[in-house]
Amino acid sequence: MKNKYNLSVSEKEIMDLLWEHGEMSSKEILHYFNTEKNKDWKKQTLNTFIARLLKKEVLKRRSVERKYMYMPAFPIQEYEARRAQNFLDMSYEGSIVKFISTAMQVTPFSKEEKEELLNFLDSMS
């Protein structure tokens, strides 16, 4: 099973732009990347990225006067939460405990990190 929330660098750049600016046309997106980010993207290059983002269901579009407007399917915070949960599901059977215990085998928590985690867990109840 492939993690649909893993984005390529360029896909993430497009999403970051849309999370910051909201709805944009492909022409506006292309202009931004070619002028502000010094990319040399052609229309088809951008269309390929857009098609991938639509397939991954992180991007949505609507038709306005014979052109598509693109916008994030959900806020960035929800994307990050979905990405993290998908990672846990795929790698640790959905268990945050298994993830933390595995991570601690490689790099044990410092005293400060343990305290921060305990405080966070206390605040959740």
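1. A good place to start is tyrosine 32, which counts as partly exposed at 23% relative accessibility (buried is under 20% relative accessible area, exposed over 50%, partly exposed in between, with a 1.4 Å probe and protein chains only). Phenylalanine 33 is buried, at 1%.

2. Please keep in mind that this is a predicted model, where local features need pLDDT of at least 70, side-chain atom pairs count only at pLDDT 80 or more, and totals for chains, interfaces and linings use all residues. Residues are numbered from 1 along each chain as its sequence is written, and side-chain values use heavy atoms, leaving out hydrogens and water.

3. On aromatic pairs, the whole structure holds 10 (rings of Phe, Tyr and Trp, the last by its six-membered ring, with centres within 6.5 Å; planes under 30 degrees apart are stacked, over 60 edge-to-face, the rest tilted). Tyrosine 32 and phenylalanine 33 form one edge-to-face pair, because their planes stand at 85°, with ring centres 5.1 Å apart. Tryptophan 41 and phenylalanine 49 also have centres 5.1 Å apart, but their planes lie at 50°, so this pair is tilted. Both tryptophan 41 and phenylalanine 49 are buried.

4. You may also like the cluster that ring pairs make of Tyr5, Trp19, Phe74 and Tyr79. Over the face of phenylalanine 74 lies arginine 82, 4.0 Å from the ring centre (the cut-offs for a charge over a ring are NZ of Lys or CZ of Arg within 6 Å of the ring centre and within 35 degrees of the ring normal). Arginine 61 lies over the face of tyrosine 68 at 4.1 Å from the ring centre.

5. Finally, isoleucine 29: leaving aside residues up to four places away in sequence, its contacts (heavy atoms within 4.5 Å) are Leu17, Leu18, Met24, Leu46 and Tyr70.
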